[in-house]
Amino acid sequence: MDWSPVWISVKTASLSILITFFLGILAAWLVVSIRDGRAKMILDGILTLPLVLPPTVAGFFLLYLFGVKRPLGKFFLDFFSIKIAFSWGATVIAAVTMSFPLMYRSARGAFEQVDPNLTAAARTLGMSEWEIFRKVLLANAAPGVVSGGVLAFARGLGEFGATAMIAGNIAGKTRTLPMAVYSEVAAGNMDTANRYVMVIAVIALLSVMLMNWAAMRTENQRK
């Protein structure tokens, strides 16, 4: 059994959640802060779009942007000599794109559950918006934010469609666990595919257990 897909998937999911976690929280804060209902609806639709698009369609858009002859892909290649499409970086971009809506929606839902009277009271005390965000919103929305992070990590770990489109299935380079399962099944190596499936299942189970533990710990601290 080749362990490189496990290592590639763990690296990809770990880096993608670092990016997605902070971007998702900031995006949720921005949307919650918008007062214009129409602007909020449009922005929310754009940020949630990867969640409802088929992964291969999202991957097509990414390939259209980051392909060698496409705007962003050509820019990085010409100015930084970095080829994004069909590289390990492309697996991270795919994972971030597909996991971001989960982090964003979870954080937004958690922020909207915070009692508005708390933020109003914080403003009367002279706290800045950044302090209100850190000490009021984020502190009270912690369980939802943590849950969103764990779900986003698991989504990034299991990403397949968008990864196949923009990163391909290059052994030892872009072949993640889901791609490895597909490759082994296509080749008729069911025993190896079973092992990869077990690894994914164990990591996913540990992620859910971590989410539940973090939520319980946060709830106990608040009591």
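How many residues apart in helix α4 are Lys74 and Asp78? The legends below take up this pair and other parts of a predicted model.

**View 1. A salt bridge within helix α4 joins Lys74 and Asp78.** The side chains of these two residues meet at 2.9 Å, N to O. Helix α4 covers residues 71-80. Lys74 and Asp78 are four residues apart in this helix, and therefore about one helical turn separates them. The structure holds six salt bridges, and the pair Lys74 and Asp78 is one of them.

**View 2. A nonpolar patch lies on the surface.** The patch is formed by Val57, Phe60, Phe61, Tyr64, Leu65 and Leu72. Together these residues have about 530 Å² of accessible area. Helix α3, residues 55-66, supplies the largest share of the patch, with five residues. Val57 is in helix α3.

**View 3. Helices α7 and α8 cross at roughly 70°.** Helix α7 spans residues 129-140, and helix α8 spans residues 142-157. Two packed helices are described by the distance between their axes and by the angle between them. For α7 and α8, the axes come within 5 Å. Angles of 65 to 115 degrees count as roughly perpendicular, and the two helices are therefore roughly perpendicular to each other.

**View 4. Residues of α7 and α8 meet in a contact.** On the α7 side, the contact is made by Leu138, Ala139 and Asn140. On the α8 side, Ala142, Pro143 and Val145 take part. By class, five residues of this contact are nonpolar and one is polar, with no charged residues.

**View 5. The whole chain, for orientation, has 11 helices and zero strands.** From the N terminus on, the elements run α-α-α-α-α-α-α-α-α-α-α. Taken along the principal axes, the C-alpha atoms fill a box of roughly 65 × 40 × 30 Å. Among the helices are α3, which carries five residues of the nonpolar patch, and α4, which holds Lys74 and Asp78.

Technical notes. Residues numbered from 1 in each chain as written. Predicted model: local features only at pLDDT ≥ 70, side-chain atom pairs only at ≥ 80, totals over all residues. Heavy atoms only, no water. Axes fitted to C-alpha atoms, helices over the stretch in contact; angles between N-to-C directions. Parallel < 35°, antiparallel > 145°, perpendicular 65-115°, else oblique. Contact = heavy atoms within 4.5 Å. Nonpolar A, V, L, I, M, F, W, Y, C, P; charged D, E, K, R; others polar. Patch = residues over 30% accessible without salt bridge, like charges linked within 9 Å, V, L, I, M, F, W, Y side chains within 5 Å. Areas by Shrake-Rupley, 256 points an atom, 1.4 Å probe, with all protein chains shown as cover. Salt bridge = Lys/Arg side-chain N within 4 Å of Asp/Glu carboxyl O.
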